Amino acid sequence: PSLTFVSPAPSAVTGGRDEVVFSFTDDRSQVDVATLRLEGNGVDCTPALVVDAVRGEARVRLGAISGLGTGPLTLAATITDRAGNTGQATLTLDHDGTPPTLVLDPRADPPVRARQTPTRLAVFFADDVGLAPGTLRVLLDGQEVTAQLTLTERAAELEPVLRAVLA
């Protein structure tokens, strides 16, 4: 049998939302889908697989697998055909298993002294591997305000939409 990793590309940086997809075929004696296995750095990922035997495809969302950690991740897939032959494939990724940190900083400028004084809200974010600031989404009282943000690589600021009210 033949196994091929379809996505992501080798050495890609992946996170919990990313999906790994691989295909499997056998020209002669048909694959035995019950023998399909996937391991990641020694962790059995098989229970998290979603298998489509008709299409000859399996997929797994990396966030559905506990214990993968952060750093180099080698995935190894195996499957056996009905004649007893085993096919295998490996894929090495750079897995970021740590979520980014967010800090909300309601900075008053000028200091809040009276009713309805404008304030700023700053969101600072960091990650040990890398960030995708374009994926930041901010809701204020349930309303999307992301388009109103001033966005940098490490922070986003919203001003003067917020109003402080002192009782």
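1. Two strands are taken to pair if DSSP finds at least two bridges between them. On that basis, this predicted model contains an open sheet of five strands in the order E2-E9-E8-E4-E5, and the pairing within this sheet is mixed. Strand E2 (13-14) and strand E5 (43-44) stand at its edges with a single partner strand each, so that one side of each has no neighbour in the sheet.

2. Within that five-stranded sheet, strand E8, which covers residues 71-81, runs antiparallel to strand E9, which covers residues 86-95, and ten bridges join the two. For anyone who wishes to find this pairing in the structure, leucine 75 can serve as a marker, since it stands opposite leucine 91 in E9.

3. A second open sheet is formed by four strands in the order E1-E3-E7-E6, and here the pairing is antiparallel. Its edges are strand E1 (2-7) and strand E6 (50-52), each of which has a single partner strand, so one side of each is left without a neighbour in the sheet. From one strand to the next, the twist of this four-stranded sheet averages 20°.

4. Strand E7, residues 57-61, has E3 on one side and E6 on the other in the strand order. With strand E3 (residues 19-25) it runs antiparallel, joined by five bridges, and one of the bridge partners there is arginine 61 in E7, which is matched with glutamate 19. With E6 the pairing is also antiparallel, over three bridges, among them the places where valine 51 stands opposite alanine 58 and aspartate 52 stands opposite glutamate 57.

5. E6 and E7 together form a hairpin, with four residues between the two strands, and glycine 56 in the turn has a positive phi of about 70°.

6. Which residue of E7 stands opposite aspartate 52? That residue is glutamate 57, and it deserves a closer look. Its relative accessibility is 15%, and because buried means under 20%, glutamate 57 counts as buried. Leaving aside residues up to four places away in sequence, glutamate 57 touches Val21, Phe22, Ser23, Phe24, Val50, Val51 and Asp52.

7. What does the side chain of glutamate 57 join in a polar contact of 2.7 Å? The partner is the side chain of arginine 59. As a general point, side chains in a regular strand alternate between the two faces of the sheet. Glutamate 57 itself lies in strand E7.

How values were computed. Residues are numbered from 1 along each chain as its sequence is written. This is a predicted model: local features need pLDDT of at least 70, side-chain atom pairs count only at pLDDT 80 or more; totals for chains, interfaces and linings use all residues. Side-chain values use heavy atoms; hydrogens and water are left out. Buried means under 20% relative accessible area, exposed over 50%, partly exposed in between (1.4 Å probe, protein chains only). A polar contact is a pair of N or O atoms within 3.5 Å; within protein, one must be able to donate a hydrogen and the other to accept it, and residues adjacent in sequence count only if both atoms are side-chain atoms. Contact means heavy atoms within 4.5 Å. Axes are lines fitted to C-alpha atoms, for helices over the stretch in contact, and angles run from 0 to 180 degrees between N-to-C directions.
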